[in-house]
Amino acid sequence: LDQLQSVGLLVDKTPMHSRRGQLAFLQEHWGNFGLLTQYAQPLEEVREYFGEEIAFYFLFLRELTSALLPLSVIALFSKLWGIFVNYHSARALLTLVIP
């Protein structure tokens with residue numbers, strides 16, 4: 001890599017995953033299935049470890065989830081209401097047809 005850098009083919013080099021303490025922190029506070037229900041994410045630590053693009057991706061996913069959550073509650077209520085109304089209307093129709 002030093003030869004590529006001296007020739008000008010490589011601008012800079014950064015060792016990936018060289019920060020063991022930061023990796024242990026992310027594994028404990030972020031990459032754990034026990035934390036699946038938590039909303040908060042250590043985005044600043046993700047940015048420092050993985051870079052801007054990856055941190056922005058997880059920020060986008062967090063915002064998308066928070067935007068779609070109220071809509072999913074409304075959709076679930078609407079679906080359950082439709083099932084309830086259809087069940088009772090079909091039952092009422094059967095009582096009219098079969099006395």
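In this predicted model, ring pairs join Trp 30, Tyr 49, Phe 50, Tyr 57 and Phe 58 into a cluster. The count of aromatic pairs comes to 5. One of them is formed by Trp 30 and Phe 58, whose rings sit edge-to-face, 4.9 Å centre to centre and with 85 degrees between the planes. This pair links distant parts of the chain, since its two members are 28 residues apart: Trp 30 belongs to the loop between helix 2 (20-29) and helix 3 (43-50), while Phe 58 is part of helix 4. Phe 58 also pairs with Tyr 57; here the ring centres are 5.3 Å apart and the planes meet at 75 degrees, so this pair, too, is edge-to-face.

How open to the surroundings are these rings? Trp 30 is partly exposed, at 23% relative accessibility, and Phe 58 is likewise partly exposed, with a relative accessible area of 23%. Tyr 57 has a relative accessibility of 45% and therefore counts as partly exposed as well.

Turning from the ring cluster to the surface, a nonpolar patch is made up of Phe 56, Leu 59, Phe 60, Leu 64, Leu 68, Leu 71 and Ile 74. Together these residues offer about 680 Å² of accessible area. Leu 68, one of the patch members, lies in helix 4, which spans residues 52-97. With a relative accessible area of 45%, Leu 68 is partly exposed, and this value is over the 30% that patch residues need. Helix 4 thus holds Leu 68 of the patch as well as Phe 58 of the ring cluster.

Technical notes
Residues numbered from 1 in each chain as written. Predicted model: local features only at pLDDT ≥ 70, side-chain atom pairs only at ≥ 80, totals over all residues. Heavy atoms only, no water. Patch = residues over 30% accessible without salt bridge, like charges linked within 9 Å, V, L, I, M, F, W, Y side chains within 5 Å. Areas by Shrake-Rupley, 256 points an atom, 1.4 Å probe, with all protein chains shown as cover. Salt bridge = Lys/Arg side-chain N within 4 Å of Asp/Glu carboxyl O. Helix = DSSP H or I, 4+ residues; strand = E, 2+ residues; numbered from the N terminus. Buried < 20%, exposed > 50% of the residue type's maximum accessible area, 1.4 Å probe, protein only. Phe/Tyr/Trp six-rings, centres within 6.5 Å; stacked < 30°, edge-to-face > 60°.
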